[in-house]
Amino acid sequence: MTAKRKRTTLFAGALVALSLAATACGSSGGSSDAGKSNKLEVFSWWTSGSESDALKVLQTKFQSDSGQQFINAAVSGGGGSNAQQALQTRLQGGNPPDSWQLHPDKDLASVVKDGLVADVSSMYEKNGWADKMPKTIVEMVQNDGKFYAVPVNAHRANVLWTNPKILKANGINWTNSTTAEQFMSDAQKLSSAGVTPICLGDKDVFASTQLLETLIIGRVGADGWNGLFNGGAKFDSPEVKQAVSDYVQLLGMTNKDHSALTWDQAAINVAKGQCASNLMGDWAYGELKSKGYKENTGFGYVTMPGTSDVFDFVGDAFVKPAKDGPNPQGEDTWLTTLMDPRVQADFNLVKGSTPVRTDVPLDKFPPYQKQAATDFRSKTIVSSLAHREVAPAEFAQAYADAVTALNGDKNVGTFLRTMADAQSNLLG
Ligand code: GAL
């Protein structure tokens, strides 16, 4: 018999909502087995309007498939800014949730290395999941040939959300062919005309680390980006220096209250006409739609200038704990729910992301998401640093700290030196 895990939410800021189990027929939650639980506690950082709505889609399907109770242990804070710490506390205390959100690639690799998550290869074999996803993603949910996580979506990080009226009124026409140079010169033009060219909401640091990440990709391309993490390129190169200088220049032109705003507030401010654009992953699409803004009229979008050939991937996946919890059947039902093609369609429609399954029909998807899904299936996929995917957590943290310092001192040279040192440590 496995040890019972405490179910008290010890961490501050946790939003815990209990949902009564549907008294569905065919319940198979194992509630009659002594010592077994028929509750499933799922940990994530999905608490904005669209994020909670999307999570509800998963919850509803899980409840109807299992007849079990769903405990929403989401911790607020964009990009998992507070959730990471809360989760670490629980994992270190031997009190893991039944399932938790993480990113594929290195974020997953670190919990695999620490022996915290279960091998779910048999579920992949049984359901043939690996054949339904792009090869790049299959590799990112594997470690030494075994599968450890089930992905539910593919977000694109390199999207610039725009205000069509403001751009038109200022004679600016950004397209997917717009270069990074043109974008910077247009930003300057807007600023001189008294318009904030780019809104930022970096109360949670990922918004600024992600902005800089996409500026760097715009200057070095997919190979150059990957090179920063495998030794093929250097942080203290002229191209990265240019991107960091552009970033500092944009900071000088952004909204003064940026460090007080969350990512979703900044995205909505574009639609409200407070600025011309906002760089944010396409979770912003879900949020804009949930607030009633219509694409093309209420807001527009282009890939971040210079990055149209790249899909800067931020994936959401779920894992189950290495040691059997009190509800193994619930855990498996939950993970299976995530890969259900209908669920992937319904969830991603609300979340703003792309189904990670490439066999999900796209006819119900609106134009932005159709385009993103097509790009996901055809462009070069790179993995995000801002979201702890492309490099281990310590390196992602070193980058976040360097960006925070840069936001304060605006010192490009110091930033480049710090990152060059971090890169040497990473590559050994
Ligand atoms: C990302 C996550 C997205 C979205 C975003 C903002 O890390 O992959 O699903 O939730 O944070 O919170």
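This briefing walks through the ligand site, one enclosed helix, two buried polar residues and a few backbone angles. The model is predicted, so read everything below as computed from that prediction. The headline is the ligand: the space it takes is the largest cavity. Elsewhere, helix H10 is largely enclosed by the rest of the structure, because 8 of its 9 residues are buried.

**The ligand and its surroundings**

- There are 13 residues around the ligand, and the ones that come nearest are Glu51, Gly79, Asp316, Lys351 and His387.
- Glutamate 51 puts a polar side-chain atom 2.5 Å from an oxygen atom of the ligand.
- Lysine 351 also has a polar side-chain atom by a ligand oxygen, here at 2.8 Å.
- For tryptophan 45, the distance from a polar side-chain atom to an oxygen atom of the ligand is 3.2 Å.
- On its own the ligand has 310 Å² of accessible area, and the protein covers 100% of that.

**Helix H10, tucked inside**

- H10 spans residues 263–271, and its buried residues are Trp263, Asp264, Ala266, Ala267, Ile268, Asn269, Val270 and Ala271.
- Those buried residues pack against a mix of elements: helices H1 (49–66), H8 (206–230) and H11, plus strands E8 (159–162) and E9 (277–279).
- After H10 comes glycine 273, with a positive phi near 90 degrees.

**Asparagine 348, a buried polar side chain in a helix**

- Asparagine 348 sits in helix H13, which covers residues 341–351.
- With a relative accessible area of 0%, asparagine 348 counts as buried because the cut-off is under 20%.
- Its side chain reaches the backbone oxygen of glutamine 344 at 2.7 Å.
- A polar atom of the asparagine 348 side chain also lies 3.2 Å from the backbone oxygen of valine 152.
- Setting aside neighbours within four places in sequence, asparagine 348 is in contact with Val152, Asn153, Val343, Ser353, Thr354, Pro355, Phe365 and Gln369.

**Threonine 307, a buried loop residue**

- You'll find threonine 307 in the loop between strand E10 (300–303) and strand E11 (310–319).
- Despite the loop address, threonine 307 is buried, at a relative accessible area of 1%.
- Its side chain makes a polar contact of 3.0 Å with the side chain of asparagine 158.
- Not counting residues up to four places away in sequence, threonine 307 touches Arg156, Asn158, Thr214, Ile217 and Gly218.

**Positive phi outside glycine**

- As background, most residues other than glycine have a negative phi.
- Asparagine 296 goes the other way, with a positive phi of about 80 degrees.
- That residue, asparagine 296, is placed in the loop between helix H11 (283–290) and E10, and at 52% relative accessibility it counts as exposed.
- Arginine 388 is another non-glycine residue with a positive phi, near 60 degrees.
- Arginine 388 is also in a loop, between strand E12 (380–383) and helix H15 (393–409), but at 13% relative accessibility arginine 388 counts as buried.

Definitions and conventions. Residues numbered from 1 in each chain as written. Predicted model: local features only at pLDDT ≥ 70, side-chain atom pairs only at ≥ 80, totals over all residues. Heavy atoms only, no water. Helix = DSSP H or I, 4+ residues; strand = E, 2+ residues; numbered from the N terminus. Buried < 20%, exposed > 50% of the residue type's maximum accessible area, 1.4 Å probe, protein only. Polar contact = N/O pair within 3.5 Å; in protein donor to acceptor, adjacent residues only side chain to side chain. Contact = heavy atoms within 4.5 Å. Near = heavy atom within 4 Å. Areas by Shrake-Rupley, 256 points an atom, 1.4 Å probe, with all protein chains shown as cover. 1 Å grid on protein atoms, 1.4 Å probe; cavity = no way out; pocket = protein on both sides within 12 Å on 5 of 7 lines; lining within 4 Å. Sits in = over half its atoms within 2 Å of the grid points.
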